[in-house]
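Q: I would like to learn how to read a protein model feature by feature. Could we walk through one together?

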Amino acid sequence: MKQVAWLLMLGLAGCQSAEFYHQAVRGQWQLMRAAQDVATLIDDPDTDADLRRQLELVNATLRFARDELGLDSGTRYQRYVDVRRPYVLWNLFAAGEFETQGHEWCYPVAGCAVYRGYFKHELAQRNADRLRAAGLDVAVVGVPAYSTLGWFDDPLLSSFVKWPERDIAALLIHELAHSRNFIAGDAQFNESYAAIVEVEGVRAWLQARGERAEVETFKRERRARERTTRFLLNWRAALDELYAQPYNEFARRQLKHAMFDAMKRCYRANARVLDQGRRGAWFEAGLDNADLVPLATYEGLAPAFSALFEASGNWQAFHRAVGHLKDLAPNERAAQLKSLGEQYVAQRTDHDDADHVQCESLAHHVGDRESTGAEHDDIGRGRDR
């Protein structure tokens, strides 16, 4: 009944965007039709040995998530689909030419979000081109998995099931978190919560397997990710400041391009102390406002949820605390999360090379203030949370 209701709601909303809802229903239906039973595949002697091993790993990870993390998969991930492409979806993000806040689309059931997912890459690109022609900044990002929030029994997908073991565990834990706590229309809450469940869940998963060296590697990688996220969010704040200045459109556009160029140069100069250059190709591809939208959505409230996790002491208490936040009025919830995040960041201290990140001055870009380097911590420094 849930499945039928979901499809009906998509159909009713289709008059607003027929192409989008048609491809969404068709894409979901194709996945359902192509799904194969995981238990049958594991027992079948003709199943590829590598695939069988990965499916068994998934089952073990789901049991761990249920028993240790309080994330019950129910009947999800009991079927497998070979999607025959690198991603199952492509998400389209958009932002105004002089805005870093993402454009929102609203959906039945899930509420509003800053992305729109397409099962075909060419559809995502075609709509991106349309929005770009209307003057918006756009980005199209491949998605290996997504959650239907219990409306369907989400399958395992070839787009991620052959990944390294730790990456599979991270993705499954992240997606299961959405079913535990979710607020319709609040993508930043949902994704930041799931991001911290993923981080702490993978840490626990590695520890349970006795992989001490991997735990340390994971911690180092997480610190690098946090530094780079902080770096990028601070550049995003500098762009917001620029866009708020009373410049004419031509000047604002020129300064915007200069700011993005300076961001890229600063990353190049400090790639080693940020993330060992892992985002190098991303920077070289050329960035605009839309590229920063998913960053804020997926990581913007992560410090607050990290603080809540540390204060909770165990998984069940953490999930309950998040549930209490979910029940608050939006303004009260936002205020509490802001306070938690600020306290968490303030209590963290750098002990590595992050303090040595230095960038050129952008004083001539944004008023008379230094925007980077030691005299203006907001942009120049990556600060561990």
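Q: Let's begin with the second largest pocket: which helices each supply at least two residues of its lining?

A: Happy to start there, and please keep in mind that this is a predicted model. To read a pocket, ask which elements form its lining. Here, α7, α8, α12 (302-312) and α14 (330-347) each contribute at least two lining residues. With eight residues, α14 gives the most.

Q: What is the volume of that second largest pocket, and which residues are closest to its centre?

A: Its volume is about 580 Å³. The lining has 23 residues, and those closest to the centre are Gln188, Gly300, Leu301, Leu337 and Lys338. Sorted by class, the lining holds ten nonpolar, four polar and nine charged residues.

Q: How many helices and strands does the protein have?

A: A count of elements is a good way to get your bearings. There are 15 helices and eight strands. The protein has 385 residues, of which 52% count as buried. Sequence separation adds another view: among contacts with a separation of 6 or more, 73% are between residues 24 or more positions apart.

Q: How do I check the length of a helix, say α6, and what span should its residues give?

A: Compare an expected span with the distance between the ends. Helix α6 covers residues 165-180, and its 16 residues, at 1.5 Å a residue, should span 22 Å. The end C-alpha atoms of α6 are 23 Å apart, which agrees with that expectation.

Q: Why is α6 described as largely enclosed by the rest of the structure?

A: The reasoning goes through the residues, where buried means under 20% relative accessible area. Twelve of the 16 residues of α6 are buried, so the helix is largely enclosed. Among them are Arg166, Ile168, Leu172, His174, Glu175 and His178. The cover over the buried residues of α6 includes α4 (49-69), β8 (156-157), α7 (187-208), α8 (212-243) and α11 (289-299).

Q: Which side chains make polar contacts with the side chain of His174?

A: For a single residue, take its place, its burial and then its partners. His174 lies in helix α6, and its relative accessibility of 8% is why it counts as buried. Its side chain makes a polar contact of 3.4 Å with that of His178 and another, of 3.0 Å, with the side chain of Glu198. The general idea behind a pairing within a helix is that an α-helix has 3.6 residues a turn, so residues three or four places apart point the same way. Leaving out residues up to four places away in sequence, His174 touches Glu191, Ala194, Ala195, Glu198 and Tyr298.

Q: Does the same reading carry over to another helix: how many residues of α12 are buried?

A: Count again. Nine of the eleven residues of α12 are buried, so α12 too is largely enclosed by the rest of the structure. The buried residues include Ala302, Pro303, Phe305, Leu308, Phe309 and Ser312. Among the elements that cover them are α7, α8, α11, α13 (315-327) and α14. Just after α12 comes Gly313, with a positive phi of about 90°.

Q: Which residues other than glycine have a positive phi, and are they buried or exposed?

A: Backbone angles and burial are worth reading side by side. Tyr77 and Gln276 are two examples, each with phi near 60°. Tyr77 sits in the loop between α4 and β2 (79-81), and it counts as buried because its relative accessibility is 2%. Gln276 is in the loop between α9 (249-274) and α10 (280-284), and with a relative accessible area of 56% it is exposed.

Q: How many cavities of 30 Å³ or more does a search of the whole structure find?

A: The search finds one. The largest cavity has a volume of about 60 Å³. Tyr77 appears again in its lining, along with Gln28, Leu31, Ala145, Tyr146, Thr148, Asp154, Pro155, Leu157 and Phe160. By class, that lining has seven nonpolar residues, two polar and one charged.

Q: Finally, how far apart in space are Ala237 and Thr100?

A: Set sequence distance beside spatial distance. Ala237 and Thr100 are 137 residues apart in sequence, and their C-alpha atoms are 8.7 Å apart. Ala237 belongs to helix α8 and, at 42% relative accessibility, counts as partly exposed.

Technical notes. Residues numbered from 1 in each chain as written. Predicted model: local features only at pLDDT ≥ 70, side-chain atom pairs only at ≥ 80, totals over all residues. Heavy atoms only, no water. Helix = DSSP H or I, 4+ residues; strand = E, 2+ residues; numbered from the N terminus. Expected span 1.5 Å × (residues − 1). Buried < 20%, exposed > 50% of the residue type's maximum accessible area, 1.4 Å probe, protein only. Contact = heavy atoms within 4.5 Å. 1 Å grid on protein atoms, 1.4 Å probe; cavity = no way out; pocket = protein on both sides within 12 Å on 5 of 7 lines; lining within 4 Å. Points joined across faces, edges and corners; volume = space filled by probe spheres on them. Nonpolar A, V, L, I, M, F, W, Y, C, P; charged D, E, K, R; others polar. Polar contact = N/O pair within 3.5 Å; in protein donor to acceptor, adjacent residues only side chain to side chain.
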